[in-house]
Amino acid sequence: QLGSPWAWPGWLPASSCQGEELSEPRTVRGRGGPGFSAARPCLRKDLSRALLSGNLSALPAVSPQPLTYRNGSPVPTSAAPTSFRGRKRLSEQNVSYDVKRQRFHSPHCESSLVNQTVPLPEERRYSFPGSIPSPLFHAHYIPDLTGCVPPLRDTPFPDPIETTLPVAKDKLSQQVLDLFQACQQQTCDLNKKELCRTELQKEIQRIFPQSRLFLVGSSLNGFGTRSSDGDLCLVVKEEPVNQKTEARHILSLVQKLFCTKLSNYIERPQLIRAKVPIVKFRDKVSCVEFDLNVNNVVGIRNTFLLRTYAYIENRVRPLVLVVKKWASFHDINDASRGTLSSYSLVLMVLHYLQTLPEPILPSLQKNYPESFEPTMQLHLVHQAPCTIPPYISKNGSTLGDLLVGFFKYYATEFNWSRQMISIREAKAIPRPDGIEWRNKFICVEEPFDGTNTARAVHEKQKFDIIKDEFLKSWQRLRDKRDLNCILPVRATIQKR
C-alpha cells in the first residue's frame, strides 16, 4: 500500500521520509554558524479554504515562515520579499534538509469517490502557486470538475483512496516491485525541489515581474526516482518565445543572476545552447541538479499527460522505473551523449503497453481529447488527471512478463527503420517524410508538438549499442528470469 493519493501518491506516507518523522521542525546547520528551522507549520484553515475555493489569489506562493535561530531568536530580515537572504551557506555533508509536509485535504470528510480517479491533489500548490495578472493565469478562476472529482468549493476533499501496487506472483515481478519501492521519489525529495523553485521564482520575478516558474518533468509526472534531477520551465509570456534568440537572452540574464546575487546558493550555472536552450545548475542547499528552460510549455502539458498514464494502471510506474534504471546502468540514458532521454524511454514503455494484443493502456488523447487539447490554457492543464478514471485492462500479465515482453518487442518486433513510436495514436505509425525524421535512427513522437524526442540518437554506433542492449537483455531475462542478470538490484537500490 502506498500513501494517500490526495497527498502525492508514489512517495512515502505523509509522516515519513526515510523512516523519519516530519511532524517537528528540523534544524539545518550551516558552516560556522547556528542553524535555522527548515520546517513550516501546518496550513491554517483559512488558507485551506482559499485553496479549496479556487481563489488562488488568496493563497501566497508557498512562502516560508520567518526563520528562527536555535536559541529562538528571529532571523533579522528586511521588508523585501523573502528570498535566499538570511540563509547560511550549507555544507553538502551536513545538510539535514527535511521540509514539513503540508496536506490540503481534510481527514474528516465522510464522502467517497464513485470511481478511483487519477490522483492529483496538490499540483495547484506545487506547480501553480499564487497568481499573476496575466491572461495565462486567472487569479480568481474556479474550476468546474464534475463526475469523478467534486468541484473545489468550501467542501473538503473526499476520503483518501489508497493506491495499491500489483501483486508479485514470481521472483522477477517481486524484484521489479522491490526496486520500485526503494527507488521511487519520496515526498521529502519533492519538497526540496519545490522550496528551491519557490525561492528562485521570487528572485527571477525581480527581473521579469510577470514570469512564473513551473516544476515539470519526472518530479511531477509520477515517474521520478530519488536521484531524479529537477526540471523547471520559466514562463515569461503567453506568446511563443524564439528559442534561438529570445530564450537564450533571457537565460543569459538568469545565469548572470545565479552567478552574482545567488552565487552562495547556486553552483555551476551553465548556459547550454541546445535546440531548447537551458541553464543547468545545482542547488547547494538541497544538492539537487536542475535544468531551467524558457517558455517550453509543451513540457507542462506532457507532465500532466504522463502523470495520468502513470496512475490509471498500477503496473505502469514500476515498469517505467526499472527500464529507466536499466538504461542508466547500460549507459544508454543520456541524450547529451547521443543516447535516449528519460522522456523517450517513458514514451517507449507506454507505447509497448498500448500495442499489446490485449492493451494495458489506451490512447488518452483519443479517449479524452478535451482533457489534453494542445491549445488548452496553462491554468487548466493540471485539472485533466482529476477527471479520468482508472483503465481496466483484461491483460493480467505480471510485471516480470511485461518486462521480458518490453525487451522482446524492441529487440525483435519493432521496425526501427520504417516505424515511429506514437502514444497519441497508441500504435507504431509510418515515419513522416519531414526533414526532422530523415536520417534519424530512432523516431519517438512527442504527443503534443509532434517533434522527435529521440533526435539525439544521430550516430549509427550509438544506435547499434542501444539495439544490442535490448537484444542481450531480452535473451538473458528470457532464460534466467532474474533481474540481476541485466541490472544489479542491490547496487541500484543502494545508489538510488
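**Exercise 1. Which residues does Leu353 touch, not counting residues up to four places away in sequence?**

Solution. Start with the ground rules. This is a predicted model, where local features need pLDDT of at least 70 and side-chain atom pairs count only at pLDDT 80 or more, while totals for chains, interfaces and linings use all residues. Residues are numbered from 1 along each chain as its sequence is written, and side-chain values use heavy atoms, with hydrogens and water left out.

Step 1. Set the cut-off: contact means heavy atoms within 4.5 Å.

Step 2. Read off the partners. Leu353 touches Val316, Leu319, Pro359, Ile360, Leu361 and Leu402, with residues up to four places away in sequence not counted.

**Exercise 2. Place Leu353 in the nonpolar core.**

Solution. Step 1. Define burial: buried is under 20% relative accessible area, exposed is over 50%, and partly exposed is in between (1.4 Å probe, protein chains only).

Step 2. Define the core. A nonpolar core is a set of buried Ala, Val, Leu, Ile, Met, Phe, Trp, Tyr and Cys residues joined through side-chain atoms within 4.5 Å.

Step 3. Find the hubs. The largest nonpolar core has 68 residues, and Met348, Leu353 and Tyr410 have the most contacts inside it.

Step 4. Assign helices. Helices (H or I, at least four residues) and strands (E, at least two) are DSSP runs, numbered from the N terminus. At least two core residues come from each of H3 (171-183), H7 (298-312), H8 (316-329), H9 (342-354), H12 (399-413) and H13 (460-480).

Step 5. Look beyond this core. Another core of 27 residues lies apart from it, and Leu215, Leu271, Val279 and Val288 are among its members.

**Exercise 3. Describe the setting of Gln354.**

Solution. Step 1. Gln354 sits in helix H9.

Step 2. Its relative accessibility is 4%, so Gln354 counts as buried.

Step 3. Check for a polar contact (a pair of N or O atoms within 3.5 Å; within protein, one must be able to donate a hydrogen and the other to accept it, and residues adjacent in sequence count only if both atoms are side-chain atoms). The Gln354 side chain reaches the backbone oxygen of Ile423 at 3.1 Å.

Step 4. Add the neighbours. Beyond four places in sequence, Gln354 touches residues including Tyr309, Pro359, Ser422 and Ala426.

**Exercise 4. Set out the geometry and burial of H3 and H8.**

Solution. Step 1. Get the expected span: 1.5 Å times one less than the number of residues in the helix.

Step 2. Take H3. It has 13 residues and reaches 18 Å from its first C-alpha to its last, close to the expected 18 Å. Asp170 caps its N-terminal end, with a side-chain oxygen 3.2 Å from the backbone nitrogen of Leu172. The buried residues of H3 pack against H8, H12, H13 and helix H14 (489-495).

Step 3. Take H8. It has 14 residues and spans 20 Å between its first and last C-alpha, close to the expected 20 Å. Of its 14 residues, 12 are buried, so H8 is largely enclosed by the rest of the structure. Among the buried ones are Arg317, Lys324 and Lys325.

Step 4. Move past the helix end. Just after H8, Asp331 takes a positive phi of about 60°.

**Exercise 5. Characterise Asn333.**

Solution. Step 1. Asn333 lies in the loop between H8 and H9.

Step 2. Its relative accessible area is 21%, so Asn333 is partly exposed.

Step 3. The Asn333 side chain makes a polar contact with the side chain of Ser342 at 3.3 Å.

**Exercise 6. Analyse the aromatic pairs.**

Solution. Step 1. Apply the criteria. Rings of Phe, Tyr and Trp (its six-membered ring) pair if their centres lie within 6.5 Å; planes under 30 degrees apart are stacked, over 60 edge-to-face, and the rest tilted.

Step 2. Count them. The structure holds 19 aromatic pairs.

Step 3. Examine one. Tyr352 and Phe406 are edge-to-face, at 5.9 Å centre to centre and 75° between the planes. This pair links distant parts of the chain: Tyr352 is in H9 and Phe406 in H12, 54 residues apart. Both residues are buried.

Step 4. Examine another. The ring centres of Tyr409 and Tyr410 are 4.8 Å apart with planes at 80°, so this pair is edge-to-face.

Step 5. Trace the network. Ring pairs link a cluster that includes Trp326, Tyr352, Phe406, Tyr410 and Phe470.
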